[in-house]
Amino acid sequence: MTTTAEDQLRAELATRSWTRLRALVLDLHDRRKEVSVALEMGFIRVKALRRIVAGPCKLRELAGRLGTDAPYTTLIVDDLEKRGLVVRTPHPDDRRSKLVTATEAGLAANAIAEGILGQPPASVLDLDTEDLVNLDRIVAALVGEDS
C-alpha cells in the first residue's frame, strides 16, 4: 500500500490536532482535581457516580464502564454508598445481582460535578460565533452526534 503525500499530511494534521485537543482538555483545563476537591472524593468515585447517574447498573457493568476490576469497583461503590450517594437494590431479573442506583444526594453531587466539568475555558468562550459553530460541528462528528 502506497502512502501519498496527502495521506501523510492528513496523518500529521490528525496527530497534531489530537495532541492539541488532549493538551486543551487534560493539561490546560483539567477540572478533575477541582471536582474532587468540591465533592471531597477521588475522581474515580466521581466517574463511577456519573456512570451510575446515567442509569442503574450492575457492579459488573460498572466495572466494565470504569475499566476497573470487580473488587475495586465494589470498594468504590461501598464508599459511595457510605456517603449516601448510591444505593444497592435487588436486580428484578437476577436474584444474584444488585443494581446500583443514584440517590437524591448522588444526583446533587453529580450536578456539582457536571457544573464544574461542563464550564468551557475562557479560550473556548472567546472564540467568535462562526468558529464556535464550526467547532461544535466538528466535535459532534468526532463523537458521533448530530450538532
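**Exercise 1. Find which residues arginine 45 is in contact with, leaving aside its neighbours within four places in sequence.**

Step 1: place the residue. Arginine 45 is found in helix α3; helices here are DSSP runs of H or I with at least four residues, strands are runs of E with at least two, and both are numbered from the N terminus.

Step 2: list the partners. With contact meaning heavy atoms within 4.5 Å, arginine 45 touches Tyr72, Leu75, Ile76, Asp79 and Leu80.

Step 3: try a residue elsewhere. The C-alpha atoms of arginine 45 and leucine 13 are separated by 35 Å, with their positions 32 residues apart along the chain.

A word on the model: it is predicted, so local features need pLDDT of at least 70 and side-chain atom pairs count only at pLDDT 80 or more, while totals for chains, interfaces and linings use all residues. Residues are numbered from 1 along each chain as its sequence is written, and side-chain values use heavy atoms, with hydrogens and water left out.

**Exercise 2. Work out how helices α3 and α5 pack.**

Step 1: know what to look for. Two packed helices are described by the angle between their axes and the distance between the axes.

Step 2: get the values. Helix α3 covers residues 43-53 and helix α5 residues 70-82; they pack at about 80°, with axes 10 Å apart. The axes are lines fitted to C-alpha atoms, for helices over the stretch in contact, and angles run from 0 to 180 degrees between N-to-C directions.

Step 3: name the arrangement. Under 35 degrees is roughly parallel, over 145 roughly antiparallel, 65 to 115 roughly perpendicular and the rest oblique. So α3 and α5 are roughly perpendicular to each other.

Step 4: look at who meets whom. From α3 come Ile44, Arg45, Ala48, Leu49 and Ile52, and they meet Tyr72, Leu75, Ile76, Asp79 and Leu80 in α5. The residues of this contact split into eight nonpolar, no polar and two charged. Here Ala, Val, Leu, Ile, Met, Phe, Trp, Tyr, Cys and Pro count as nonpolar, Asp, Glu, Lys and Arg as charged, and the others, Gly among them, as polar.

**Exercise 3. Sort serine 36, glutamate 40 and proline 71 into buried or exposed.**

Step 1: set the cut-offs. Buried is under 20% relative accessible area, exposed is over 50%, and partly exposed is in between (1.4 Å probe, protein chains only).

Step 2: serine 36. At 15%, serine 36 is buried. Serine 36 sits in helix α2, residues 32-39, and touches Met41, Gly42 and Phe43, not counting residues up to four places away in sequence.

Step 3: glutamate 40. This one is exposed at 66%, and glutamate 40 lies in the loop between α2 and α3. Check its backbone too: phi of glutamate 40 is near 55°, a positive value in a residue other than glycine. Most residues other than glycine have a negative phi.

Step 4: proline 71. Found in helix α5, proline 71 is exposed at 58%. Its C-alpha atom is separated by 9.5 Å from that of leucine 59, twelve residues apart along the chain.

**Exercise 4. Describe the overall layout of the protein.**

Step 1: count the elements. There are eight helices and three strands, in the pattern α-α-α-β-α-α-β-β-α-α-α along the sequence.

Step 2: check the burial. Of the 147 residues, 26% count as buried.
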